Each structure stands twice: as structure tokens, then as C-alpha cells.
Amino acid sequence: MGRWNDDENNEYAISLYKVGTDYGMRALKVNNSKFRKAIDDGMKIPEAVKFLTKDDLKALTWYGINLSKRVTLQLANPEEIIDIQDAVAAGRRAIELDPNYAWGASWNILGIYYAISPAMCGLGGGPEPSKEAFANGNKAENGEFGLVDVFFARYLCPVIKDPDLFDQLLNRVIEMDSCKLGNGLCMINELAKQKARYSLANKAKYFD
């Protein structure tokens, strides 16, 4: 569901997420003429997503996740994060269409956004909405989609200053059966384990 190469080489990861975002937008325009016309006529993405349907879920989810991940790597540059609203709109629309699509992956967009938004010029959100979004993400696969807890630990635990929960969530991911549910989650959960190990090894930089 994406390229999670953002642990050690941010610039390379940003370039990949930009490509992924562009790919997703092109696919949305090709697949949905109403959406394409709205965008071409100058309508902003948060409004234009209303034209997207369940047939667009794959491209919509790809677009939203790639854009949101790119933004998280550029939080120090305000001019680079103004389109977080587009990622959030994509995530919300995907959830409206099917909250469990792609293992509930779009809930991660909202969970991350709500966690980081207090530091982003008062755009709303905060710990409680973030917790709720991640909880909804976990419901999709009964807690067997490891990236939900990885993102909870990485983005929300430092905000609520809970290093013990950080350890608990990441160790749970490391110990989980990656292939318990099958359906493509095996590989994704193995990647989640890699990210969990990296995050634990670099815990100090998240709680400095």
C-alpha cells in the first residue's frame, strides 16, 4: 500500500511519495470524468472528492497515503505542508466510501493528522481524535494490521508523552503473527515489524 522508506533517507522517501501522489491523482482523473472536470475547472480537492465513488477507492487511498506520508517528512517546512488538507480530504472520503478498505488504512491518515495538527498552526485535531482514528483503524482487522500501532506509537505517543505505551505498541507489532489473516497483510506486517524495530532503536529522538 505504499513505500515506507522514510526511516533513514528522508529525501529519497519524499521523492517516492511525490511520485506516488502524482500517480494516484492521474489515476483518479482518468477513472472519474466528473472529478477530472471539477479539478480542471479549478475546484479544490477537499470539495472535488465528493465526486469520487467506490470505483475510485484504490487510487484515492494510494493518493491520500502517499501525500500524508510526504507531509509528515516535511513538517519543518510550512510551505510544503499546506496540502495536508488534501490528504485529509482523501482519507475522509475513502472512509465514507468504505471504512475497512485496504485494512482500514485511511484511518492512519486521520490518526497521524490529528496527532500532529496541534503543531501545525492550530488546524484542529489533538490526542483524543487521533486515538479514536487509530482505534477505528484497528477495528478493521481486529488489531492485526501492524502499521496502525506503529503510526500510533510514532506520531501520537510523543505528543501524549507516553514512552511506555510507545514500547508496548511496538513490541506487540514485533511479536504478532504477520500472516494470521493472510489477504496480503503478511508482507505489510513484516514491513511494520521493521519499522517497529527501527522506532524502538531510535526512541530517544522521538522523546527528546
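**Notes on salt bridges, the disulfide and helix packing**

1. Let's start with one residue, K180: its relative accessibility is 55%, so K180 counts as exposed. That call rests on a cut-off, because exposed means over 50% relative accessible area. Keep in mind as you look around that this is a predicted model.

2. What does K180 do with its side chain? K180 meets the side chain of E144 in a salt bridge, at 3.5 Å from N to O. Have a look at where the two partners sit: K180 is in the loop between α9 (163–175) and α10 (185–201), while E144 is in the loop between α7 (127–140) and α8 (146–160). The pair links distant parts of the chain, 36 residues apart. Is E144 buried or exposed? E144 comes out at 13% relative accessibility, so E144 counts as buried. In other words, an exposed lysine, K180, is paired here with a buried glutamate, E144.

3. E144 turns up again when you click on L185. This leucine belongs to helix α10 and is buried, with a relative accessible area of 1%. Which residues does L185 touch, if you skip its neighbours within four places in sequence? The contacts are W103, E141, E144, F145 and S178. L185 also shows how the fold brings together residues that are far apart in sequence: L185 and A102 are separated by 83 residues along the chain, yet their C-alpha atoms are 9.5 Å apart in space.

4. Next, the cysteines. How many disulfides does a search of the whole structure find? The search finds one. This disulfide joins C179 to C186, with 1.9 Å from S to S. Neither end is buried: C179 is partly exposed at 38% relative accessibility, and C186 is partly exposed too, with a relative accessible area of 29%. Now compare C157, which counts as buried at 0% relative accessibility.

5. To see one of the residues around C157, go to L169. L169 is part of helix α9 and counts as buried, with 10% relative accessibility. Leaving out residues up to four places away in sequence, L169 touches D149, F152, A153 and C157. Take D149 from that group: D149 and L169 are 20 residues apart in sequence and 5.7 Å apart in space, C-alpha to C-alpha.

6. Back to salt bridges. The search of the whole structure finds eight of them. Another one worth a click joins D83 to R70, where the closest N and O atoms are 2.6 Å apart. What does this pair tie together? D83 lies in the loop between α4 (57–72) and α5 (84–97) and R70 lies in helix α4, so the salt bridge ties together parts that are 13 residues apart in sequence. R70 counts as buried, at 7% relative accessibility.

7. E47 and K50 form a salt bridge as well, with their closest N and O atoms 3.7 Å apart. Both partners fall in the middle class: E47 is partly exposed at 43% relative accessibility, and K50 is partly exposed at 47%.

8. Now zoom out to the helices. Two packed helices are described by the angle between their axes and the distance between those axes. Try α5 against helix α6 (residues 106–116): the angle is about 140° and the axes are 8 Å apart. That angle makes α5 oblique to α6, because only angles over 145 degrees count as roughly antiparallel. α5 passes α6 in a left-handed crossing. From α5, the residues making the contact are I84, A87, V88, G91, R92, A94 and I95. On the α6 side they are S106, W107, I109, L110, Y113 and Y114.

9. Helix α6 packs on α7 too. Here the angle is about 165°, with the axes 8 Å apart. Is α6 roughly parallel or roughly antiparallel to α7? That angle makes the two helices roughly antiparallel. This crossing is also left-handed, with α6 passing α7. In α6, the residues involved are W107, N108, L110, G111, I112, Y114 and A115. They meet P129, S130, A133, F134, N136 and G137 in α7. Compare this with the previous point and you will spot some repeat names: W107, L110 and Y114 are among the α6 residues in contact with α5, and they are also among those that meet α7.

Definitions and conventions: Residues are numbered from 1 along each chain as its sequence is written. This is a predicted model: local features need pLDDT of at least 70, side-chain atom pairs count only at pLDDT 80 or more; totals for chains, interfaces and linings use all residues. Side-chain values use heavy atoms; hydrogens and water are left out. A disulfide is a pair of cysteine sulfur atoms within 2.5 Å. Buried means under 20% relative accessible area, exposed over 50%, partly exposed in between (1.4 Å probe, protein chains only). A salt bridge is a side-chain nitrogen of Lys or Arg within 4 Å of a carboxyl oxygen of Asp or Glu. Helices (H or I, at least four residues) and strands (E, at least two) are DSSP runs, numbered from the N terminus. Axes are lines fitted to C-alpha atoms, for helices over the stretch in contact, and angles run from 0 to 180 degrees between N-to-C directions. Angles under 35 degrees count as roughly parallel, over 145 as roughly antiparallel, 65 to 115 as roughly perpendicular and the rest as oblique. A crossing is left-handed if the near helix is turned anticlockwise from the far one by less than a right angle, and right-handed if clockwise. Contact means heavy atoms within 4.5 Å.
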